[in-house]
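Trainee: I would like a close look at one part of this protein, the place where two of its helices meet. Could you walk me through that spot and then through what surrounds it?

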Amino acid sequence: MKPALHLFLLLALLTPAIAQAASPAEMISAYRLSHGERRVILDPTLSRIAREQADAMAAKDVLDHDVLGGFSRRISPAGAGRAAENIAYGYDSFPKTLNQWIESSEHRKNLLLHDASRIGIGSAKSSTTGRIYWSMEIAGDYARPKIVERPKIVGSKPVAAAKPKAHAARACRLKILGLCL
């Protein structure tokens, strides 16, 4: 861990005002940036998925990725190409939970998911034991929206879009770096 981030996390653990000033997305972004990855922003869909996961773990008082069913099915509404989940329990604040994830190699891999751009964080307290359960969803590789061309309308009838001009047919004996020789 880089010294500046280590100091930031240590201060966040010791100073509640600092911990409250930095959101989970800012804290995770700081960690990711210090490791050459990009920032993440809080996403409402991922936040809902994380909150539901934390609620279900707290209700059953069990730390389990599959408490609500398989991860692939649960994460699919987010529409991401890649996603991961970290869960934890027992920590009373997000900075402490994040530190535990950073110290774990598998959780750290998820925090540093390449090209991730969005996260969701959820926590819930068990009414039986008082344990706090945490869930973090992180995702990226979102599909770009498809651009659909609308037909041009002349008068009241749609007109077909102009087709690109075809190049004169020629035989290509050898193609090197896109050049036809």
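Mentor: Happy to. Let's begin with α3 and α6, whose axes come within 11 Å and cross at roughly 30°. Angles under 35 degrees count as roughly parallel, so α3 and α6 are roughly parallel to each other. Their crossing is right-handed. On the α3 side the contact is made by P24, M27, I28 and Y31, and on the α6 side by F94, P95, L98 and I102. Sorted by class, this contact of α3 with α6 has eight nonpolar residues, with no polar and no charged ones. Keep in mind as you look that this is a predicted model.

Now for the setting. The chain has 181 residues, and 35% of them count as buried. Its secondary structure comes to seven helices and eight strands. Take the contacts in the chain with a separation of 6 or more: 65% of them are between residues 24 or more positions apart.

Two names from the helix contact come back when we turn to the interior. The largest nonpolar core has 21 residues, and I28, F94, L111 and I138 touch the most other members. At least two residues of this core come from each of α3 (24-33), β2 (80-89), α6 (94-103), β3 (116-125) and β4 (132-142). Apart from this core lies another one, of eight residues, and A54, A58, V67 and A124 are among them. As general background, nonpolar side chains tend to be buried together in soluble globular proteins.

I138 is a good residue to click on next. Leaving aside its neighbours within four places in sequence, I138 is in contact with R32, V40, R82, A83, A84, N110, L111, L113, A116, R118 and I119. L111, in that list, is another of the residues that touch the most other members of the largest core.

Let's stay with α3 for a moment, since A30 also lies in this helix. A30 is partly exposed, with a relative accessible area of 29%. A30 and V40 are ten residues apart in sequence, and their C-alpha atoms are 9.4 Å apart in space.

From α6, step back along the chain to the loop between β2 and α6, where you will find D92. At 52% relative accessibility, D92 counts as exposed. Setting aside neighbours within four places in sequence, D92 is in contact with I132 and W134. D92 and Y133 are 41 residues apart in sequence but 9.1 Å apart in space, C-alpha to C-alpha.

Next, look at β3 and the loop before it. S117 is in strand β3, and with a relative accessible area of 14% it is buried. Beyond its neighbours within four places in sequence, S117 is in contact with R38, R39, V40, I41, A139, G140 and Y142. D115 sits in the loop between α7 (105-111) and β3. Its relative accessible area is 31%, so D115 is partly exposed. Again leaving aside neighbours within four places in sequence, D115 is in contact with R32, E37, R38, G140 and D141. D115 and A139 are 24 residues apart in sequence and 8.3 Å apart in space, C-alpha to C-alpha.

D141, one of the contacts of D115, deserves a second look for its backbone. D141 lies in strand β4, and its phi is near 55°, a positive value in a residue other than glycine. At 40% relative accessibility, D141 counts as partly exposed. D61 also has a positive phi, of about 50°, although it is not a glycine. You will find D61 in the loop between α4 (44-60) and α5 (71-75).

To return to your starting point, keep I28 and F94 in view together. I28 of α3 and F94 of α6 take part in the helix contact, and both are listed among the residues that touch the most other members of the largest nonpolar core.

Key
Residues numbered from 1 in each chain as written. Predicted model: local features only at pLDDT ≥ 70, side-chain atom pairs only at ≥ 80, totals over all residues. Heavy atoms only, no water. Core = buried A, V, L, I, M, F, W, Y, C linked by side-chain atoms within 4.5 Å. Buried < 20%, exposed > 50% of the residue type's maximum accessible area, 1.4 Å probe, protein only. Helix = DSSP H or I, 4+ residues; strand = E, 2+ residues; numbered from the N terminus. Contact = heavy atoms within 4.5 Å. Axes fitted to C-alpha atoms, helices over the stretch in contact; angles between N-to-C directions. Parallel < 35°, antiparallel > 145°, perpendicular 65-115°, else oblique. Left-handed = near helix turned anticlockwise from the far one by under 90°. Nonpolar A, V, L, I, M, F, W, Y, C, P; charged D, E, K, R; others polar.
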